[in-house]
Amino acid sequence: MQNFFRRLGIVALSLSLTTGVFAPAFADSQLLNVSYDPTRELYKDFNAAFAKHWKAESGEDVTIRQSHGGSGAQARSVIDGLEADVVTLALESDINAIQKTGKIKEDWRSRLPNNSSPYTSTIVFLVRKGNPKGIHNWGDLVKGDVQIVTPNPKTSGGARWNYLAAWAWANEEFKGDQDKIKAYIADLYKRAPVLDTGARGSTVTFAQRQIGDVLLAWENEAYLAGEEFGKDAFDIVVPPISILAEPPVAVVDATVDAKGTRKVAEAYLQYLYSDEGQNIAAKHFYRPSKRDVVEPDLLKALPDIKLVTIDDPIFGGWKKAQPEHFGDGGIFDQIYKPGK
Amino acid sequence: MSENRRISFRNPADESFTTKLLLVAVSLVFLAFFLFLPLVSVFFEAFREGWVTYEEALLEPDAWAAIQLTLLVAAIAVPLNLIFGLAASWAIAKFEFKGKAFLITLIDLPFSISPVISGLVYVLLFGSGSLLGPFLKSYGIEILFAVPGIVLATVFVTFPFVARELIPLMQDQGTGDEEAALSLGASGWQTFWYVTLPNIKWGLLYGVLLCNARAMGEFGAVSVVSGRIRGLTNTMPLHVEILYNEYNMVAAFAVASLLALLALVTLALKTFLELRFGAGAAGGRH
C-alpha cells in the first residue's frame, strides 16, 4: 500500500516539476492593452510595429500584452483591478465608467486628436455572393422575404450601432416621422431569425451556419469574415448612409503612474495616429482618422459615405439614446417581440 | 444475502431478450452520439490540416503559455483539495460534532452555485473596490487577474470532488477498523496510514482524478478572475474560446484536443492503476 502511494507521489511530483519550470521573459517594459473583441487582428499587427518603432526610437524593448473581451466586461475588469496601461474600447461610456473610479483623469477625451479615436468604423452589409436579393440600401432589407442577421441590442454593443444605423437611414427616408421609423425598425427585427448575444456569434451564424440573406456587421468584421470564410462566398455592400462609431483609446493614469510606464504608454497611443498606425488600421478595415496619409489602395475598400454620429440631434448622445432606445421598456422593447 | 434471494420473486436480471437488446442499444446509441462522436470530431478537426499545423498551434507561444498555466493551476489546486477533502471527510465520517450538517452543506456549495458566481465572489473579495485588494496590493501581492486568483477560483470550484467521493465511502465503512487498530495500540497516524487510507484509496483516487479533470477544464469561474491577458493569465479553456472567436478553428480544436487528451490520460491512468493493483479495486472493498 505504501508502495502505491509512493508511486502516486512520484507521478504528482514529476507533474509539478514539468509544469513548474517556466519563467516569463522580461523585456525592458511591459504594456497591457485591454481591448474589445474585434480588434484582435488589428493590435496583433500594430503591437509588432510599435515594438519595432520604440526600439528604434528609444533603444528599449517593449512587450505588449493583449486582453480581449466584450467592451463593457473589459471596462469592468479594469475597474476591478486589471492593471491595464492603456484601454482601447468600443464605447466612450466604457472609458467614462473607468474614469469615474479615478483611474483615468477626466480630460482623457481631449488628450488625443479626434476625441481620442484614432480610427472609426461603420456598419455595412455582408450578403451572399452575387447579392441575389439585390440589397443596396437600408430599405432593401425589408423587401420580399429577406432575412437579416444581427446580434441582440440588449446585450451587444455592435448590435446597438446596427440599430442606430438603420434608424439614421429611416429618419432621413421618412423625414423624421417617428411612427414610420418605428414601423421600419419593427419590420427589420421581425426578419431576424436569431438574435445572437455578440457580434462574432452573428458572424458565425451567417457565415458558417448559412442562416439569413444579409449580416449587419462592423465594416472590419465584414471584411474579416470575407477573408476567413472565402472571398467567393460573400459580397460587401456599403450603404450610402450609416452610423459613425468612434472607438476611443486612453492611458490608464493610475496604472502607468504606479508602474512608471507613462512615457511608453503615451507613445503607444500616439503611434496609432502615425502614418504607419493609420495604414495598419486601414489594412484591418478600420476607417483611419487621417485619410491623406493612407495608401489609396487601402482606402478603396472604405468608400466615403454619409456617416451620422451618436451626437447627432436625432440621437442626442449615448446618455440620451441608451435609455430611450435600449433601456427596459425602451423603444426596442416596445417594437421587438421574440418569435413574431 | 441468501435470505433475501429466496424471498425475491424473480431474478432482477431475468428480462426478456427484447428488453435487454433495447437497453443495450439505447445506451450504445446514446454513448456514440453524446460522447464518442464529439470526441472524434474534436480530434478530426484538430488534425484536419495535418500534424505540422497541429504542432504549430500548440507550440504557438500564447497557446504554450496557456497549457503550462493550466497544468500549473491543476498541480496546485488538486493537492490542496486532496488534503482538504481527506481532512473534511475524515472529520465528517469518523467523528460526531456540532455543525456537521452545516459543514456538509458548505462542502456542497460549489456544486450548487454557478461557476460565474464563484469567480465574482473573488472579484468582490480582492477587487479594487474591496478592502482586501488594495491592502494586499500595497504589499505588492496581486491576487485578481493573476495566477493566484485563477488558482483560488479553481480550488473553490473543485473543492467538493474529493470530499464528496470519500464521505459516503468512509461513512459506509464505519469506525470499526479504526477502533480495532487503536485498541491494538496503533497511533493515530499509524491508524490513518495502515487502516483508513488503504480502505479508501480507490475512492480517493477517483475523487482526485475528477478534481483534476475539472481543475483543468474550468471555464466560468476562471474567465471572471483571469483578465484574459494572453500569454499570462489565459488558461487552456479560455484560449480555446479565443481561438474559436478568431475563426482559428484548427488551432482551437488542437488545444481542445489536448485538453480532451489530458482527460483521457487521466482515465487511462485510473484504469491502469486498477488493473495493476487488483480487480476488486474499482468498487472500494465491497
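Start by selecting Phe125(A) and Leu216(A): the two stand opposite each other, with Leu216(A) sitting in β7(A). Keep in mind as you click around that this is a predicted model.

**Stop 1: the strand around Phe125(A)**

Widen the selection to β5(A), residues 123–128, and switch on a surface. How many of the residues in this strand are buried? The count is 6 of 6, so to speak a strand that is mostly covered.

Now bring in β7(A), residues 214–218. β5(A) and β7(A) pair in the antiparallel sense, over 5 bridges. Then add β8(A), residues 234–237, which is joined to β5(A) by 4 bridges and also runs antiparallel to it. For a marker on that pairing, pick Val127(A); its bridge partner in β8(A) is Asp235(A).

**Stop 2: the whole sheet**

With those strands still selected, add β6(A), residues 148–149. You now have an open sheet of 4 strands in chain A, ordered β6-β7-β5-β8, with mixed pairing. Where does the parallel part come in? Look between β6(A) and β7(A): 2 bridges join them, and they run parallel. Ile148(A) is a handy residue to click here, with Val214(A) as its bridge partner in β7(A).

Which strands stand at the edges? They are β6 and β8 of chain A; each has a single partner strand, so one side of each has no neighbour in the sheet. If you like to draw the hydrogen bonds, remember that strands of a sheet pair through backbone hydrogen bonds, either parallel or antiparallel.

**Stop 3: two positive phi angles**

Clear the selection and go to Asn115(A). Its phi is near 55°, a positive value in a residue other than glycine. Asn115(A) lies in helix α5(A), residues 113–116. Its relative accessible area is 37%, so Asn115(A) counts as partly exposed.

Next, jump to Phe285(A), where phi is near 65°, again positive in a residue other than glycine. You'll find Phe285(A) in the loop between α12 (275–283) and β11 (287–288) of chain A. Is Phe285(A) buried or exposed? Buried, because its relative accessible area is 14% and the cut-off for buried is under 20%.

**Stop 4: Pro323(A) and its contacts**

Move on to helix α14(A), residues 318–326, and select Pro323(A) inside it. With 48% relative accessibility, Pro323(A) counts as partly exposed; exposed would take over 50%. Show what surrounds Pro323(A): leaving aside neighbours within four places in sequence, the contacts are Trp318(A) and Gly330(A).

**Stop 5: zoom out on chain A**

Colour chain A by secondary structure and you have 15 helices and 12 strands to look at. The C-alpha trace of chain A spans about 75 × 60 × 40 Å along its principal axes. Of its 340 residues, 55% count as buried. For anyone thinking in contact maps: among contacts in chain A with a separation of 6 or more, 72% are between residues 24 or more positions apart.

**Stop 6: where chain A meets chain B**

Show both chains. On the chain A side 32 residues are in contact with 34 residues of chain B. The size of an interface is often given as the accessible area lost when the parts come together. For chain A and chain B the buried area is about 3,100 Å², with 63% of it on carbon and sulfur atoms.

How many salt bridges are there between chain A and chain B? The count is 1. To see it, select Glu83(A) and Lys137(B), whose side chains meet at 2.6 Å, N to O. Across the interface there are also 9 residue pairs in polar contact, both residues at pLDDT 80 or more.

Now highlight the elements of chain A that each supply at least two residues of the side touching chain B: α1 (2–20), α2 (40–58), β2 (62–69), α3 (71–79), α8 (199–207) and α9 (219–228). The largest share, 7 residues, comes from α1(A). Colour that side of chain A by residue type and you get 11 nonpolar, 11 polar and 10 charged.

**Last stop: Lys100(B)**

Finish in chain B, at helix α5(B), residues 100–112, where Lys100(B) is found. Lys100(B) counts as buried, because its relative accessibility is 13%. Leaving aside neighbours within four places in sequence, Lys100(B) is in contact with Ile92(B) and Phe95(B).

Notes. Residues numbered from 1 in each chain as written. Chains lettered and ligands numbered in written order. Predicted model: local features only at pLDDT ≥ 70, side-chain atom pairs only at ≥ 80, totals over all residues. Heavy atoms only, no water. Contact = heavy atoms within 4.5 Å. Buried area = accessible area lost by both parts, 1.4 Å probe. Salt bridge = Lys/Arg side-chain N within 4 Å of Asp/Glu carboxyl O. Polar contact = N/O pair within 3.5 Å; in protein donor to acceptor, adjacent residues only side chain to side chain. Nonpolar A, V, L, I, M, F, W, Y, C, P; charged D, E, K, R; others polar. Buried < 20%, exposed > 50% of the residue type's maximum accessible area, 1.4 Å probe, protein only. Pairing = 2+ DSSP bridges.
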